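User: I would like to learn how to read the features of a model like this one. Please go through them in turn.

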Amino acid sequence: MATAVKICGLSQPDSVDAAIKAGARYLGFVFFPKSPRHVTPAQAAELTAPVPVGIARVGLFVNPDDAALQSTLATVPLDVIQLHGHETPQRVAEVKALTGLPVMKAVGVAEPADLDALWDYGLVADMLLVDAKPPKGADLPGGNGLAFDWRLLVGRQMVRPWLLAGGLTPENVAQAIRLTRAPGVDVSSGVESAPGVKDVEKIRQFIARATAPIL
Ligand SMILES: O=C(O)c1ccccc1NCC(=O)[C@H](O)[C@H](O)COP(=O)(O)O
């Protein structure tokens, strides 16, 4: 099966279109005002309108309260909720129950001890996003273009479907998949020309290289 690709932080119709046509399986929309990729629910509703069935519209939230989730979902139909803050496993379960949607929980990794959280969140989340831990004091908990040591994942069994993220680019994605055997990958800044500005040619290259047979 080809590697599943998530293109995150989409904010323009041309990059949504490029990701769909190139074969992305997940499209990410960031509902976090501090992000250069932030979209409003109304903008996301327009961006997601042409998304065909079979491609998941992922809403990315950071420590959202119930009202934020409910008001966003009242405006834009989403298929998956991505939680990218300090949500506890209990909060992940609450968000699942509240929204009735699958939850993808991001887990930040910088050192071996960080991998323990994959087990805790794997018990409640539907999917895991194994991302680089943000640098101390960073404004954003994700989308920093920073990779972690992928060797930490070699030979590791995951209890849930998962995506590898953090510093992936068209140039390094095949090597990352070969090493980690990740069933899916996620990218944001690696397919941009400037923070928040997606580059359609990089999106095409990234998806082509991520979905090519890995030898
Ligand atoms: O992308 C953002 O601006 C963002 C803001 C706040 C929380 C999470 C965010 N991104 C999360 C993602 O899923 C990114 O795709 C992931 O962290 C990988 O980012 P990158 O290293 O830039 O490819």
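Analyst: Begin with a span and its ends. The end C-alpha atoms of residues 5-208 lie 10 Å apart, and the span is 31% helix and 21% strand. Helices (H or I, at least four residues) and strands (E, at least two) are DSSP runs, numbered from the N terminus. This is a predicted model, in which local features need pLDDT of at least 70, side-chain atom pairs count only at pLDDT 80 or more, and totals for chains, interfaces and linings use all residues. Residues are numbered from 1 along each chain as its sequence is written.

User: Which annotation covers residues 5-208?

Analyst: The unreviewed UniProt entry gives "domain: N-(5'phosphoribosyl) anthranilate isomerase (PRAI)" for residues 5-208. UniProt positions are in the numbering used here, feature names are shortened, and annotations may be inferred rather than shown by experiment.

User: How many helices and strands does the chain have, and how is its compactness judged?

Analyst: There are 7 helices and 10 strands in the chain. The radius of gyration is 16 Å, close to the 17 Å that the globule rule gives for 215 residues, so the chain is as compact as a globular protein of that length. The radius is taken over C-alpha atoms, and the rule is 2.2 Å times the number of residues to the power 0.38. Along its principal axes the C-alpha trace spans about 45 × 40 × 35 Å.

User: How is burial read, and which residues have the most contacts inside the largest nonpolar core?

Analyst: In soluble globular proteins, nonpolar side chains tend to be buried together. A residue is buried if 20 or more other C-beta atoms lie within 10 Å of its own, exposed if 12 or fewer, and partly exposed in between, with C-beta atoms placed from the backbone. Of the 215 residues of the chain, 43% count as buried. A nonpolar core is a set of buried Ala, Val, Leu, Ile, Met, Phe, Trp, Tyr and Cys residues joined through C-beta atoms within 7 Å. The largest has 63 residues, and those with the most contacts inside it are Ile 7, Phe 29, Val 58, Leu 128, Val 130 and Val 185.

User: What is Ile 7 in contact with, leaving aside its neighbours within four places in sequence?

Analyst: Two residues are in contact if their C-beta atoms, placed from the backbone, lie within 7 Å. With those neighbours left aside, the partners of Ile 7 include Ala 19, Leu 27, Val 187 and Ile 203.

User: Which residues come nearest to the ligand?

Analyst: A residue is near a molecule or strand if its C-beta atom, placed from the backbone, lies within 6 Å of it. Of the 27 residues around the ligand, Cys 8, Gly 142, Gly 143, Ser 188 and Ser 189 come nearest. Strands β2 (26-30) and β8 (184-187) each supply at least two residues of this shell.

User: What should I make of phi at Asn 63 and Arg 181?

Analyst: Most residues other than glycine have a negative phi. Asn 63, not a glycine, has a positive phi of about 50°, and Arg 181 has a positive value near 60°. Asn 63 sits in the loop between β3 (56-61) and α3 (66-75); Arg 181 is in the loop between α6 (173-180) and β8. Asn 63 counts as partly exposed because it has 13 C-beta neighbours inside 10 Å. Arg 181 counts as partly exposed because it has 14 such neighbours inside 10 Å.
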